[in-house]
Amino acid sequence: MPALACCLDAAIAPPSLPTTEKFPSWSSSHSAAVYRINGWGAPYFSVNSSGNVAVRPHGSATMDHQEIDLLKVVNKASGGLHLPLPLIIRFPDVLKNRLESIQSAFNSAVESQGYGSNYQGVYPVKCNQDRFVVEDIVKFGSSFRFGLEAGSKPELLLAMSCLCKGSSESLLICNGFKDAEYISLALIARKLSLNTVIVLEQEEELDSVIDMSRKLGVLPVVGVRAKLRTKHSGHFGSTSGEKGKFGLTTTQILRVVKKLEKYGMLDCLQLLHFHIGSQIPSTALLADGVSEAAQIYTELVRLGASMKVIDIGGGLGIDYDGSKSTDSDLSVGYTLEEYAAAVVQAVKHVCDHKSVKHPVICSESGRAIVSHHSVLVFEAVSSSRYSVPSLSSFDVQQLGEHLPEEAHSDYHNLLQSAFIGDREACLAYADQLKQRCVDQFKAGALDIEQLASVDGLCDLAAKTSDPVTTYHINLSVFTSIPDFWGIGQLFPIMPIHRLDQRPNANGVLSDLTCDSDGKINRFISGESSLPLHEVGGKNGMKYYLGMFLGGAYEEALGGVHNLFGAPSVIRVSQSDGLHGFAVTRAMPGPSCSDVLRAVNHEPQVMFQTLKDRIEEYIGDDDEGGVMAGGIAESFHNMPYLTVGSSCFLTVANEYYYPDDGFTGDDDLVCA
């Protein structure tokens with residue numbers, strides 16, 4: 001039937017795969033272009049000649065023999081160390097290079113512009129509080145006095161402890177809402193010769209600072225956070241401006257100055273802090289905000305405060321999609337060098353105009369520091385594609401004859417729209433026809449066979465030309481990529497191998513959770529699917545995907561939805577050995593017991609209850625022992641799928657446990 005054929009042709013086409021006409025042969029460079037890795041990944045990620053993602057741990061200074069093949073790291077972790085996936089791979093060399101690159105950019109701007117002071121950054125630990133990440137930052141940044149920023153009492157305790165091993169001049173910036181205990185901890189830190197600054201987020205915090213400093217006998221160093229008029233649009237700018245969550249208005253700042261002056265403590269006010277917003281898109285907006293803040297800084301100097309530091313907060317952005325665009329939350333239109341130059345120039349211009357000594361410039365660029373150093377690797381364990389029911393021309397004709405009178409017009413309009421090639425009308429009439437027939441079915445006027453035929457016809461119109469494959473991934477989006485679900489943040493996702501092969505499917509990713517939101521169907525390309533390969537390549541090789549630039553916030557925000565815990569973690573450093581890398585630390589992810597404890601269950605008690613039940617209903621013979629051993633093993637294992645595993649009832653000899661059940665899990669640490 002011609003109308004049916006036209007209906008198929010009228011369906012909306014999906015994003016097209018790379019064709020043999022456009023690319024008669026395929027190479028790694030073609031994959032690099034498809035996944036934009038040379039944009040968002042430079043200078044740390046590329047595609048090597050083997051068709052695998054390569055990590056360049058020292059950035060642009062990485063020599064060819066120092067590249068790390070990401071697939072080899074995954075094979076080492078899963079095969080050699082027996083770590084279950086999903087897997088977070090940390091590259092401390094990348095972290096070190098990020099710190100050095102930011103410091104170098106500001107040092108160059110200071111020198112080239114004749115700036116009269118220096119840059120001294122801090123890392124906001126909220127971005128990633130992992131012990132080894134924070135300790136690495138303190139160690140790597142010690143030579144240039146890189147410090148830490150805390151926004152809560154546990155973060156302050158963490159920062160105090162770590163900075164004991166850092167430079168005595170490193171700043172410890174105390175942000176966030178504060179009670180008397182928080183302020184006491186900050187003052188104790190100052191007594192311990194840590195370079196601590198208490199930043200007032202609320203005006204009333206000053207009373208507690210004055211009171212606790214007198215009780216403890218320590219003179220505080222105080223900063224104020226100003227609410228600027230400057231802000232940028234979009235999600236990341238919503239926390240800035242006059243109506244932002246934090247900071248003091250100019251009226252409140254003046255009251256703080258007067259109160260400090262009244263108590264003879266005006267010389268304690270030494271820092272001005274502000275935050276334009278995360279992911280600042282352009283240097284023009286950056287310079288505008290910094291200039292406004294610098295004016296406030298010079299006014300505080302005029303009022304008698306002993307100002308020393310201007311803290312520009314966060315905002316140094318990440319180019320998540322490789323577009324170098326100023327019009328998107330996913331990108332920024334500047335380099336590190338341009339960012340630093342804009343900041344230094346803006347502060348210098350205002351201070352020179354007001355004849356004020358140039359302050360130390362501090363920034364809190366957490367996202368820019370830690371995003372690149374961490375890669376999340378997970379497996380696509382299977383794939384499936386929607387199958388449209390087949391309908392013959394006779395079926396379509398019979399369907400039209402048996403439809404209720406109310407549905408005839410939508411049916412004929414659908415076929416006519418398909419015949420003339422009007423795609424939008426075709427899909428609209430298909431939707432109307434389906435809804436009308438569903439209503440008729442609910443009213444009992446349509447039987448299930450007729451409804452199924454209508455569904456088939458409408459699906460032919462809407463989905464025959466939409467061969468999107470669903471890839472089932474061994475991952476929880478809610479645990480490992482919570483910002484995608486929560487705020488729609490997109491991250492680069494791509495296969496980490498087989499990149500010398502042409503992708504042959506458009507895919508969306510569906511996670512393990514029993515939640516309809518547990519899927520990834522939006523990508524940095526702007527498309528609703530991702531070019532992917534068939535699951536199970538040569539010799540049944542597993543198919544690994546990587547999520548990049550997720551080193552900030554994702555681990556801290558991830559929960560235990562469906563009781564899926566955090567991934568396994570390894571720490572990988574570049575070495576001159578056979579494979580070019582060394583695993584310096586490895587830790588499996590939380591077991592089922594661990595995540596159950598996190599929600600106040602007692603695995604030992606649970607196991608004993610189940611064991612008693614087995615003895616009651618199965619007996620304590622071999623079958624009961626195998627069953628109890630299998631349950632004990634499940635408590636020990638990670639919640640994620642163990643691909644290719646067998647039921648414990650068929651491999652009894654591998655799951656023997658003594659009568660006393662099981663003990664707690666131990667971390668795996670590889671020196």
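A charge sits over a ring if NZ of Lys or CZ of Arg is within 6 Å of the ring centre and within 35 degrees of the ring normal. The model used here is predicted.

**Exercise 1.** State which ring K178 lies over, and at what distance from the ring centre.

*Solution.* Take K178 and look for the ring beneath it. The ring belongs to Y182. The distance to the ring centre is 5.7 Å. The cut-off is 6 Å.

**Exercise 2.** Classify the aromatic pair F106 and Y119, then place it in the chain.

*Solution.* Step one: the structure holds 13 aromatic pairs. Step two: F106 and Y119 are 4.0 Å apart, centre to centre, with 5° between the planes. Planes under 30 degrees apart count as stacked, and this pair is stacked. Step three: F106 sits in helix α5 (residues 92–112), while Y119 is in the loop between α5 and β5 (122–124). They are 13 residues apart, and the pair links distant parts of the chain. Step four: both F106 and Y119 are buried. Step five: F106 and Y119 join Y334 and Y339 in one aromatic cluster.

**Exercise 3.** Determine how α9 and α10 are oriented, and which residues meet.

*Solution.* Helix α9 spans residues 205–216 and helix α10 residues 250–262. Their axes come within 11 Å and cross at roughly 20°. Angles under 35 degrees count as roughly parallel, so α9 is roughly parallel to α10. The crossing of α9 and α10 is right-handed. From α9, L206, D207 and I210 meet V256, K259 and L260 of α10.

Note on methods
Residues are numbered from 1 along each chain as its sequence is written. This is a predicted model: local features need pLDDT of at least 70, side-chain atom pairs count only at pLDDT 80 or more; totals for chains, interfaces and linings use all residues. Side-chain values use heavy atoms; hydrogens and water are left out. Rings of Phe, Tyr and Trp (its six-membered ring) pair if their centres lie within 6.5 Å; planes under 30 degrees apart count as stacked, over 60 as edge-to-face and the rest as tilted. Helices (H or I, at least four residues) and strands (E, at least two) are DSSP runs, numbered from the N terminus. Buried means under 20% relative accessible area, exposed over 50%, partly exposed in between (1.4 Å probe, protein chains only). Axes are lines fitted to C-alpha atoms, for helices over the stretch in contact, and angles run from 0 to 180 degrees between N-to-C directions. Angles under 35 degrees count as roughly parallel, over 145 as roughly antiparallel, 65 to 115 as roughly perpendicular and the rest as oblique. A crossing is left-handed if the near helix is turned anticlockwise from the far one by less than a right angle, and right-handed if clockwise. Contact means heavy atoms within 4.5 Å.
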